Structure formats: structure tokens, C-alpha cells
Amino acid sequence: MRLSLIPLFFLLLPMAEIATFIVVGREIGVGATLGLILLSAIVGALLLRAQGLGVLRKLQSASRTGENPGRQIVHGAMIVVAAFLLILPGFLTDVFGILLFIPAVREAVWQFLRKRITVVTRTSSARPDPASTRPRAIPGVIDLDDAEFTRDPGRTDPNDRLR
């Protein structure tokens, strides 16, 4: 039942947008309607740049302090969706896009989603441990440094037979 609503939504949304274009076009004129559509696309791109950079800074700050970056990741994703909705031509999608740019609305969506998603993070210290920067040992493989290895020019490589 739930899966069958998604195709219906994608069928009805463009129809509702077209109806909205007709109503708005009758009220303010075709030129003004097209101007509003163009303006909303420009505003969406500008808001994506401004708020997206702010979310990136918060994400970096959360990473430095060791906080869970899940909230910032979800807020960033909502800003991208909001900008996409504003860039798409249509007044109904613009309304949802503008709503997602409001921090209080994003926070409410985050509170709703927080219980339904899991963000997996990998922690690391500020100064890497020299032992942890070496590649992991693979069982059965001997890892030699350049100083520990020499090649005998008279000996053939056993792997050459396999090629």
C-alpha cells in the first residue's frame, strides 16, 4: 500500500504544479509568473551556497570536538533537498523548499528522523599513533622495508612462471 503511493505522488505533483502555474498566471500575469520561477531558482542556489557552507563549518567543528556529526549531516542533506526544491520550477515545491531552509523546521525533521536512522562514525585521535599509520599485517605475508630487502640479480622471479 505504501509503495503504491509514491508513483501516485510523482504523478499528482506535476499536475498540481501545472494547476498552480495557471492560477498564479491568471492572477499576476505570465511574465511575472515566469519571473517568480526564475527568482526562486536563483534564491535556491544562493541559499544553498550560504547555508551549505555554514553546515560544513558546523560539521568540521563537530568532527574536531568528537561530537556525533549525524545532526549536521542530516541538516546538510535537508539544505540540499531544499535548494533542489527551490531550483525546480514550481510554487508548491518552492513552499516545501523554503520550509526546509528554516532551521526550526529542519530541527523538527531531525528530531523525527533521529530515532529512525543510525549514523556510524569512526573516531580518531588528533595526533595519529605511529603504529596505527602502518598498514595492517595480512596473515601469511612478510612485510619488509627497503633496507631489509635485496634482490639477487642472478635469481629469477618465481612469479614470472605464472604470467
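**Notebook: T33, aromatic pairs and nonpolar groups**

I began with T33, which touches F21, V24, G25, I28 and F91 when residues up to four places away in sequence are not counted. A reminder to myself: this is a predicted model.

Next I looked up where T33 sits, and found it in helix α2, residues 30-65. Is T33 buried or exposed? With a relative accessibility of 5%, T33 counts as buried, because the cut-off for buried is under 20%. I also checked the backbone spacing to F21: the C-alpha atoms of T33 and F21 are 7.4 Å apart, with their positions 12 residues apart along the chain.

Two of the contacts of T33, F21 and F91, are aromatic, so I turned to ring pairs next. How many aromatic pairs are there? I get a count of two.

One pair is F9 with F10: the ring centres lie 5.5 Å apart and the planes meet at 75°, so I noted the pair as edge-to-face. For F9 I read a relative accessible area of 48%, which makes F9 partly exposed. F10 comes out at 55% and counts as exposed, because the exposed class starts over 50%.

The other pair is F21 with F91, where the centres are 5.7 Å apart and the planes are at 70°, so this pair is edge-to-face too. It links distant parts of the chain, as F21 belongs to helix α1 and F91 to helix α4, 70 residues apart. F21 is partly exposed at 24% relative accessibility, whereas F91 is buried at 15%.

Then I went looking for the largest nonpolar core. It holds 11 residues: V55, V74, M78, I79, A82, A83, L85, L86, L100, F101 and W110. Helices α3 (70-87) and α4 (91-101) each supply at least two of these residues. Which helix gives the most to this core? It is α3, with seven residues.

I picked L85 from the core list and looked up its neighbours. L85 touches T93, D94, F96, G97 and L100, again leaving out residues up to four places away in sequence. Of these, L100 is also listed in the core.

Last, I checked the surface for nonpolar side chains. L5, L8, L11, L12 and M15 form a nonpolar patch there, with about 480 Å² of accessible area together. I took L12 as my example: it lies in helix α1, residues 2-28, and counts as partly exposed at 44% relative accessibility. A general point to keep beside this entry: in soluble globular proteins, nonpolar side chains tend to be buried together.

Notes:
Residues numbered from 1 in each chain as written. Predicted model: local features only at pLDDT ≥ 70, side-chain atom pairs only at ≥ 80, totals over all residues. Heavy atoms only, no water. Patch = residues over 30% accessible without salt bridge, like charges linked within 9 Å, V, L, I, M, F, W, Y side chains within 5 Å. Areas by Shrake-Rupley, 256 points an atom, 1.4 Å probe, with all protein chains shown as cover. Salt bridge = Lys/Arg side-chain N within 4 Å of Asp/Glu carboxyl O. Helix = DSSP H or I, 4+ residues; strand = E, 2+ residues; numbered from the N terminus. Buried < 20%, exposed > 50% of the residue type's maximum accessible area, 1.4 Å probe, protein only. Core = buried A, V, L, I, M, F, W, Y, C linked by side-chain atoms within 4.5 Å. Contact = heavy atoms within 4.5 Å. Phe/Tyr/Trp six-rings, centres within 6.5 Å; stacked < 30°, edge-to-face > 60°.
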